[in-house]
Every structure is written in structure tokens, then in C-alpha cells.
Amino acid sequence: GCIIASLKIEGDKILTSNNSSNSIYIWSQNPKGEYAIESSLTMHSNPVVCMVELENGNLITSGTDKLIIVWEKNETGFYEGKETITEEYIVKKIVSLKDNKFGYTGDDGVLKIMAKNSNKSNNEETSPSEGQENKEGETNKEDNANDGNENQKEYKKICELKRHTGKINCMRELKNGYLFTGGANVNKNKDHHIIVWKPDIS
């Protein structure tokens, strides 16, 4: 058997991943009301651990292969792999944010915020100075997690949130843009904090 690692409901379809496969399975309902696998998405080389949907319908997934994949829905409603982001660790939590941004974290308690790359087409440098520190523990260090030329990427890292002392266990953005993150009570790096981030992440 296998353990369901992530599950997402999209209209009348269900997207699932498990701990024994590198695929994301899309389930649809037949006329009898039964669900069966309609198709699958395969770009990860190891099991997929989490997935979220952005406002524009793009799907963001991460796996034990240390990859984050941005899936874009085409005109037929099928997802196509748009971009791959390589990290140095397994991304275990992803949160969908306003304006098609997203955040992700591993076990180090650092939350990285990604946004659409406005420099992709014009190659103009509009980001803050490298290493410049913002208020409330934000760092605008533009050493993007992507490999290669970041101006050719769809998404780039815009900041890192570094106030947790241990692993982040959960993340949720409210309608007013405030982001809540909660620490995990595990191992030696116990973090009992809930941190509220103001909606001014650029």
C-alpha cells in the first residue's frame, strides 16, 4: 500500500500524490459517480510531497527530489510543466499567496517568497540591493534558488522570512493579505511561536 502525501480538490476533479510514486494523479468522476484516474503528471523523479494552486490556476508542486515545479494549465485544461526550481533541501510546505506569489520552506524555519519575474522580458534590474534587510526579519537577497540566468525564469525569489527558530509547521494567508506561520514542536529546535507577517512583502 501507499500513503497519500498530498491531496487537492479542483472542481469535480481530485489531484493526489503518494509516497511511492513520482506522479500526480488526476481523478475524475464517471456517470456512475465513481472516481477513477483520468491522467497523471510526471516530471518529478521522486515522490511528490505537497502541491498548491495559485490564483491564476498554476499548480506548484515539490518532491523529495528537491525540486519545485510550476505547472501551467493550457487551453484544454491539462497541466504542463512550465518551470523547475532546484533547492538544496526537500521543500515540505508550500503556501499560495496573493498576486500569484507563493512561499515555501523546508526544515530550517526559513520561508522563501517567490513572485513572477518582471525582468524576464526587459532584463531591467528592479529588485532591491543584494543583502538589504527589510523590517520584521525579511531579507531581500536576490540569490534566486533557480539555476541559470534568473532573468530567463518565470519566478524569482523576492525575500526570505527568518524569524522562526525551528521548523515551520503550517502557513495560511488571510483575505486581508496577512500571513500566519506556526512553528513545530519537534526535536531540539522547538518553535512554539505563531508569527503574523504584514502584507507588505514586495
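Me: Which strand do six bridges join to β1?
Reply: That is strand β2 (residues 13–18), which runs antiparallel to β1 with six bridges between them. Two strands count as paired if DSSP finds at least two bridges between them. Within this pairing, S6 has S17 in β2 as its bridge partner.

Me: What sort of model is this?
Reply: It is a predicted model, where local features need pLDDT of at least 70, side-chain atom pairs count only at pLDDT 80 or more, and totals for chains, interfaces and linings use all residues. Residues are numbered from 1 along each chain as its sequence is written, and side-chain values use heavy atoms, with hydrogens and water left out.

Me: How many helices and strands does the chain have?
Reply: The chain has one helix and 16 strands. Both are DSSP runs numbered from the N terminus: helices are H or I with at least four residues, strands are E with at least two.

Me: Back to β1. What is the strand order in its sheet?
Reply: The order is β1-β2-β3-β4, an open sheet of four strands with antiparallel pairing. β1 (4–10) and β4 (35–42) are at the edges with a single partner strand each, so one side of each has no neighbour in the sheet. From one strand to the next the twist averages 25°. Such angles run from 0 to 180 degrees between N-to-C directions, and the axes are lines fitted to C-alpha atoms, for helices over the stretch in contact.

Me: Which strands make up the open sheet that has β5 in it?
Reply: Four strands, in the order β5-β6-β7-β8, again with antiparallel pairing. Its edge strands are β5 and β8 (79–86), each paired on one side only. Ignoring direction, neighbouring strands here are turned by 20° against each other on average.

Me: How many bridges hold β5 and β6 together?
Reply: Five, between β5 and strand β6 (residues 59–63), in the antiparallel sense. E53 has L59 in β6 as its bridge partner, and V48 stands opposite G63. The hairpin of the two strands has five residues between them, and G57 there takes a positive phi near 95°.

Me: And how many bridges join β6 to β7?
Reply: Four, and β6 and β7 run antiparallel. I60 is matched with V70 in β7 as its bridge partner. These two strands also form a hairpin, with three residues between them and a positive phi of about 70° at K66 in the turn.

Me: Is β6 mostly covered or exposed?
Reply: Mostly covered: five of its five residues are buried. Buried means under 20% relative accessible area, exposed means over 50%, and partly exposed lies in between (1.4 Å probe, protein chains only). L59, T61 and G63 point one way from β6, while I60 and S62 point the other way. For the chain as a whole, buried residues make up 46% of 202.

Me: Which residues have the most contacts inside the largest nonpolar core?
Reply: I60, I68, I94, F102 and Y104, in a core of 14 residues. β5 (48–53), β7 (67–73) and β10 (102–105) are the elements that give two or more residues to this core. A core here is a set of buried Ala, Val, Leu, Ile, Met, Phe, Trp, Tyr and Cys residues joined through side-chain atoms within 4.5 Å. Another core, of 13 residues, lies apart from it and includes V95, C159, L161 and I168.

Me: What does I94 touch?
Reply: Leaving out residues up to four places away in sequence, I94 touches C50, V52, I60, T61, S62, F102, G103, Y104 and M171. Contact means heavy atoms within 4.5 Å.

Me: C50 and C159 are cysteines. How many disulfides are there?
Reply: The count is zero, with a disulfide taken as a pair of cysteine sulfur atoms within 2.5 Å. C50 is buried with a relative accessible area of 10%, and C159 is buried with 1%.

Me: Which residues do ring pairs link into a cluster?
Reply: F102, Y104 and Y155. The structure holds two aromatic pairs. Rings of Phe, Tyr and Trp (its six-membered ring) pair if their centres lie within 6.5 Å, with planes under 30 degrees apart counted as stacked, over 60 as edge-to-face and the rest as tilted.

Me: Last one: how do β14 and β15 pair?
Reply: Strand β14 (residues 168–173) and strand β15 (residues 179–183) are antiparallel over five bridges, with R172 opposite F180. They form a hairpin with five residues between them, where G177 in the turn has a positive phi of about 95°. β15 is also joined to strand β16 (residues 194–197) by four bridges, running antiparallel.
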